[in-house]
Amino acid sequence: MIENDRWLLPEGIEELLPREAARLEFLRRGLLELFGSWGYELVIPPLIEYLESLLTGTGNDLDLQTFKLTDQMTGRMMGVRADMTPQVARIDAHHLRRDIPTRLCYLGTVLRTRPQGHGMSRAPYQVGAEIYGHAGIESDVEVLCLMVEALRRTGLEQIHIDLGHVGIFRALAEQAQFSPEQESELFDALQRKSKPEIAELLDAGGYSDATIKYFGRLTDLNGDAAVLDEARRALAGAGEAVEAAVERLGRIAEAAQRRLGGVPLHFDLAELRGYHYHTGAVFAAFVPGRGQAVAQGGRYDDIGQVFGRARPATGFSTDLRLVMELVADNLPPVHAIFAPGSDDPALEATVRRLRESGERVVQALAGQQGGPLEMGCQRQLVLQNGTWEIAPVGR
């Protein structure tokens with residue numbers, strides 16, 4: 001490495017300078033306050049843990065995103081978390097072991113081997129909230145509404161929601177008895193909405209006309225709420241599981257619309273975001289000018305099964321650093337106070353009292369360069385008639 005390059009960071013890894021760090025912390029505190037007001041309890045999972053626990057039930061995608069290393073104390077493989085959801089599921093199933101619905105939230109940096117999109121970070125600051133122990137649509141609706149409220153709290157506007165249900169594809173694939181390879185190939189084609197490729201794959205497999213019809217129609221089932229009525233007609237006869245998934249999605253959308261007011265809802269029944277561990281309704285939030293989701297979530301029942309408890313679960317997450325880049329700088333101004341360097345006990349007592357009351361006081365260091373304005377202070381402590389008083393800078 002060239003000596004002048006020692007300051008460079010790996011690609012996709014960023015650091016936050018004072019202003020950005022203060023903005024992130026301001027947003028973080030606001031979200032924690034919001035989550036707490038809804039009854040969500042904060043958990044702080046470890047940055048690293050044994051690989052088999054970290055990747056359980058998450059599919060191959062997360063495995064590829066996880067940095068791996070060997071524990072020098074045990075020789076076992078460990079991983080740096082690339083997603084906190086499996087960790088929170090472990091906490092609910094193994095440590096808390098409650099029988100009641102449990103609301104948990106989390107905030108922290110995750111690390112990924114590759115960015116999830118062009119120009120995105122490999123070290124997102126993941127924020128999320130999850131409900132364990134409730135299988136009804138009410139928990140799906142609550143999480144969806146909390147996601148929107150959280151984005152609004154950060155300052156994002158003009159949010160619109162995409163809704164889907166992975167259970168439709170799962171049920172159709174199970175009925176057709178696809179092999180794992182066939183299911184994977186069809187999944188990829190469906191994500192690209194490649195009708196010719198879907199038809200070719202199904203024709204080659206010798207599947208029934210009904211199966212070909214159902215999968216062919218999935219690519220067209222996207223749009224406003226009228227899509228659900230179209231889906232009921234297009235997928236009629238596809239089986240109880242498919243019909244139940246469409247009906248559940250409709251009920252979630254209807255309840256969410258009542259609570260969200262004018263937030264636009266868009267439906268896409270071929271959207272299989274998080275397919276490898278989601279089991280039901282999935283949703284994502286978008287804003288104008290950005291093609292990728294700013295937050296996403298859905299239902300992932302039984303994710304805690306390998307930890308000893310198969311509880312229904314639903315939740316969402318977002319990258320707070322990404323969100324911060326999309327919103328205006330709304331950090332409240334801080335009017336700091338500059339204090340001269342002195343060992344005067346009265347000055348020390350005044351500084352201590354001001355700091356305890358919530359003021360920011362910057363005390364001068366001996367021989368330093370720069371005065372109050374250079375140190376970011378609009379006020380200063382001055383000695384007046386034997387008393388240290390606050391005065392505007394320049395007086």
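Colleague: A346 lies in helix α13 (residues 345-356), so how do you know whether A346 is buried, exposed or partly exposed?

Modeller: This is a predicted model, in which local features need pLDDT of at least 70 and side-chain atom pairs count only at pLDDT 80 or more, while totals for chains, interfaces and linings use all residues. Residues are numbered from 1 along each chain as its sequence is written, and side-chain values use heavy atoms, with hydrogens and water left out. A helix here is a DSSP run (H or I, at least four residues; strands are E, at least two), numbered from the N terminus. The relative accessible area of A346 is 38%, and since buried means under 20%, exposed over 50% and partly exposed in between (1.4 Å probe, protein chains only), A346 is partly exposed.

Colleague: What makes L260, in helix α11, buried or exposed?

Modeller: L260 has a relative accessible area of 7%, which places L260 among the buried residues. Leaving aside neighbours within four places in sequence, L260 is in contact (heavy atoms within 4.5 Å) with C145, V148 and R152. From Y50, L260 is 210 residues away in sequence and 40 Å away in space, C-alpha to C-alpha.

Colleague: Why are α6 and α11 called roughly antiparallel?

Modeller: Two packed helices are described by the angle between their axes and the distance between the axes. The axes of α6 (residues 166-176) and α11 (residues 240-260) come within 8 Å and cross at roughly 175 degrees. Axes are lines fitted to C-alpha atoms, for helices over the stretch in contact, with angles from 0 to 180 degrees between N-to-C directions. Angles over 145 degrees count as roughly antiparallel, under 35 as roughly parallel, 65 to 115 as roughly perpendicular and the rest as oblique, so α6 is roughly antiparallel to α11. In this contact G167, I168, A171, L172 and Q175 of α6 meet A241, V242, A245 and V246 of α11.

Colleague: What makes a space in this model count as a cavity, and how many are there of 30 Å³ or more?

Modeller: On a 1 Å grid over the protein atoms alone, a cavity is a set of points where a 1.4 Å probe fits but cannot get out, and lining residues have an atom within 4 Å of a point. The count comes to 1 cavity of 30 Å³ or more, and the largest cavity has a volume of about 40 Å³, the space filled by probe spheres set on points joined across faces, edges and corners. Its lining residues include L31, F35, V127 and A150, and α5 gives the most, with 3 residues.

Methods:
On a 1 Å grid over the protein atoms alone, a cavity is a set of points where a 1.4 Å probe fits but cannot get out, and a pocket is an open set with protein on both sides within 12 Å along at least five of seven lines; lining residues have an atom within 4 Å of a point.
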